[in-house]
Amino acid sequence: MRILVLGGDGFCGWPAALHLSQLGHDVDIVDNLSRRRIDAELGADSLTPIRTPEERIAAWQEVTGKTIGFHPTDIAQDYDGLVALLARTRPDVIVHFAEQRAAPYSMKSPVQKRYTIDNNVNATHNVLAALVETGVDAHLVHLGTMGVYGYGTAGMRIPEGYLDVKVDGEDADGTPTGELIDQTILYPTNPGSIYHMTKVLDQHLFAFYAKNDKLRITDLHQGIIWGTNTAETQLDERLVNRFDYDGDYGTVLNRFLMQAAVGYPLTVHGTGGQTRAFIHITDMVRCIALAIENPPAGGERVKIINQLTETHRVRDLAQLICEITDAQMELVPNPRQESAENDLFASNDTFLDLGLEPTTLSEGLLAEVEETARRYADRADLTKIPASSLWTKNQEVGAPSRVPETA
Ligand code: NAD
Ligand code: USQ
């Protein structure tokens, strides 16, 4: 199949593009390199030494003989360029990773709030409008987030996108009819950041275009990715994936692994009672391939799949890492507004039924510390670790009391 990977230079997009190319698909990457520019803006960098898109793609060709195209289009701002690209390449599948994905960055200041809304909502809407304008019948696979459901305790197993409800029937003047009416609605959303809000807005755009234009759309509600490399990115040093550890882009488990490797106290926010969904990066690329192999038929509602393999409480993760390394952890002020403690039970039946065999934390954690975090520890800038984006003005930076000066 001909596949466009939007955001294919990023943490998820790069290994996904390589995996799809390895499977024999004809892959093109579209990426405006905004993520690399944000690193420069923040003075941060990937722990792993990532190469330019051109060097990466040349290395892939040298190692495997397979070619990947690269288009530096900004899909949020250059709508005409996107239309021309779709008309020229006429993809069978578009995998859409191209959004600003850090919750802390999206809460930094009005500049980043507005950028995140503008970039993410326009990127998604431009893809949908361009598909309709060009008449390209591609299956759109979008990377959404488990965070659309919110992180309160639901008191039930969160379904895959839709909730079946019964409502009391009423006639036109509001008099109960005594009937119970069955309805299926999108699971009520409760985003915890401006970034998560953009994924909620995406959901509604998808529902409209699936209904109005019969577009075929799969929305993957993905949990937090951990790990760095996949079978494909390990084929050559020049294919290495990015590894974010800074206070804005580093996600919790990868941050803890890196912190353990450099002897920095693990930064557990608040009580560490937050329960979140996780999935290893090798399972993520497998899920993308499975979603592509199992498209919705035209005219169906958006297919929503929860993409997670495990749920864990943050302090339990920190404890586990302290047990397998000699790391220490510290409860630091939580710079976010979130429930101090929550339970999370979520259905992930679709991918398991399609044959996903999860990589578990117990298998992969130690290898990740040794193969990535310790290997590149000398590239770490410890001043970039504290989480300094605050959800409200009266919160405190998530910095521990005692920190080493260098790695
Ligand atoms: P990333 O920032 O590493 O990659 C996103 C890529 O998209 C970057 O290379 C960036 O340059 C590109 N991009 C952004 N806006 C663009 C635009 N307007 N035009 C063209 N390219 C643009 O993020 P990631 O971790 O790879 O996440 C990819 C997707 O997966 C995101 O949508 C994110 O919300 C979702 N997701 C990520 C995680 C995670 O743990 N990393 C978890 C759940 C969902
Ligand atoms: N946390 C800590 N210490 C840290 C960093 C984070 O305790 O040093 C806590 C946070 O307070 C939060 C939890 O860990 O309670 C998760 O934070 P995170 O930064 O790992 O994840 P999040 O902000 O939710 O965002 C990440 C990705 C985002 C994706 C989301 C999936 O950046 O793109 O959508 O995970 S989910 O969490 O399922 O919504």
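This is a short tutorial dialogue on reading a predicted model with two ligands.

User: Let's begin with ligand 1. How many residues surround it, and which are the closest?

Analyst: Happy to start there, and please keep in mind that the model is predicted. The shell around ligand 1 holds 28 residues, and the closest are Cys 12, Asp 31, Arg 101, Tyr 195 and Lys 199. By class, that shell has 11 nonpolar, 9 polar and 8 charged residues.

User: Which backbone atoms should I look at around the oxygen atoms of ligand 1?

Analyst: Try Cys 12, where a polar backbone atom is 2.7 Å from an oxygen atom of ligand 1. Arg 35 places a backbone N or O atom 3.0 Å from an oxygen atom of the ligand, and for Phe 97 the corresponding distance is 3.5 Å. Taken alone, ligand 1 exposes 820 Å², and the protein buries 97% of that. The elements that give two or more residues to its shell are helix H2 (34-42), strand S5 (139-145), helix H7 (194-213) and strand S9 (224-226).

User: Now ligand 2, please. Which residues come nearest?

Analyst: Of the 23 residues around ligand 2, the nearest are Tyr 151, Tyr 195, Val 252, Thr 267 and Glu 338. Its shell has 9 nonpolar, 9 polar and 5 charged residues.

User: What lies 2.8 Å from an oxygen atom of ligand 2?

Analyst: Two side chains do: an N or O atom in the side chain of Arg 255, and a polar side-chain atom of Arg 336. On the backbone side, an N or O atom of Gly 147 lies 3.0 Å from an oxygen atom of ligand 2. The protein buries 96% of the 740 Å² that ligand 2 exposes when taken alone. H7, helix H8 (252-262) and strand S10 (266-269) are the elements that give two or more residues to this shell.

User: H7 came up for both ligands. How do I read a helix like that?

Analyst: Here is the general idea first. An α-helix has 3.6 residues a turn, so residues three or four places apart point the same way. Now the case here: H7 has 20 residues and reaches 28 Å from its first C-alpha to its last, close to the 28 Å expected at 1.5 Å a residue. At its start, a side-chain oxygen of Ser 193 comes within 3.3 Å of the backbone nitrogen of Tyr 195.

User: Which residues of H7 are buried, and what covers them?

Analyst: The buried ones are Tyr 195, His 196, Thr 198, Lys 199, Val 200, Asp 202, Gln 203, Leu 205, Phe 206, Tyr 209 and Ala 210. Their cover includes helix H5 (103-106), helix H6 (110-134), S5, strand S7 (176-186), strand S8 (216-222) and strand S12 (303-307).

User: How about helix H1? Is it mostly enclosed or exposed?

Analyst: In H1 (residues 13-22), 9 of the 10 residues are buried, so the helix is largely enclosed by the rest of the structure. The buried residues are Gly 13, Trp 14, Pro 15, Ala 16, Ala 17, Leu 18, His 19, Leu 20 and Ser 21. They pack against strand S1 (2-6), strand S2 (26-30), helix H3 (53-64), S4 and helix H9 (281-293).

User: And what should I make of a positive phi?

Analyst: As a general guide, most residues other than glycine have a negative phi. Just after H1, Gly 24 takes a positive phi of about 105 degrees. Arg 90 is not a glycine, yet its phi is positive, at about 40 degrees. Arg 90 sits in the loop between helix H4 (79-89) and strand S4 (93-96), and is partly exposed, with a relative accessible area of 44%. Lys 214 is another residue other than glycine with a positive phi, near 60 degrees, and is found in the loop between H7 and S8.

User: One last residue: is His 96 buried or exposed?

Analyst: His 96, in strand S4, is buried, with a relative accessible area of 0%. Its side chain makes a polar contact of 3.0 Å with the side chain of Thr 124. Leaving aside neighbours within four places in sequence, His 96 is in contact with Leu 6, Ile 75, Ala 123, Thr 124, Leu 140, Val 141, His 142 and Leu 143.

Technical notes
Residues are numbered from 1 along each chain as its sequence is written. Chains are lettered from A and ligands numbered from 1 in the order in which they are written. This is a predicted model: local features need pLDDT of at least 70, side-chain atom pairs count only at pLDDT 80 or more; totals for chains, interfaces and linings use all residues. Side-chain values use heavy atoms; hydrogens and water are left out. A residue is near a molecule or strand if one of its heavy atoms lies within 4 Å of it. A polar contact is a pair of N or O atoms within 3.5 Å; within protein, one must be able to donate a hydrogen and the other to accept it, and residues adjacent in sequence count only if both atoms are side-chain atoms. Accessible areas come from the Shrake-Rupley method with a 1.4 Å probe; for residues, only the protein chains shown count as cover. Helices (H or I, at least four residues) and strands (E, at least two) are DSSP runs, numbered from the N terminus. Ala, Val, Leu, Ile, Met, Phe, Trp, Tyr, Cys and Pro count as nonpolar, Asp, Glu, Lys and Arg as charged, and the others, Gly among them, as polar. The expected span of a helix is 1.5 Å times one less than its number of residues. Buried means under 20% relative accessible area, exposed over 50%, partly exposed in between (1.4 Å probe, protein chains only). Contact means heavy atoms within 4.5 Å.
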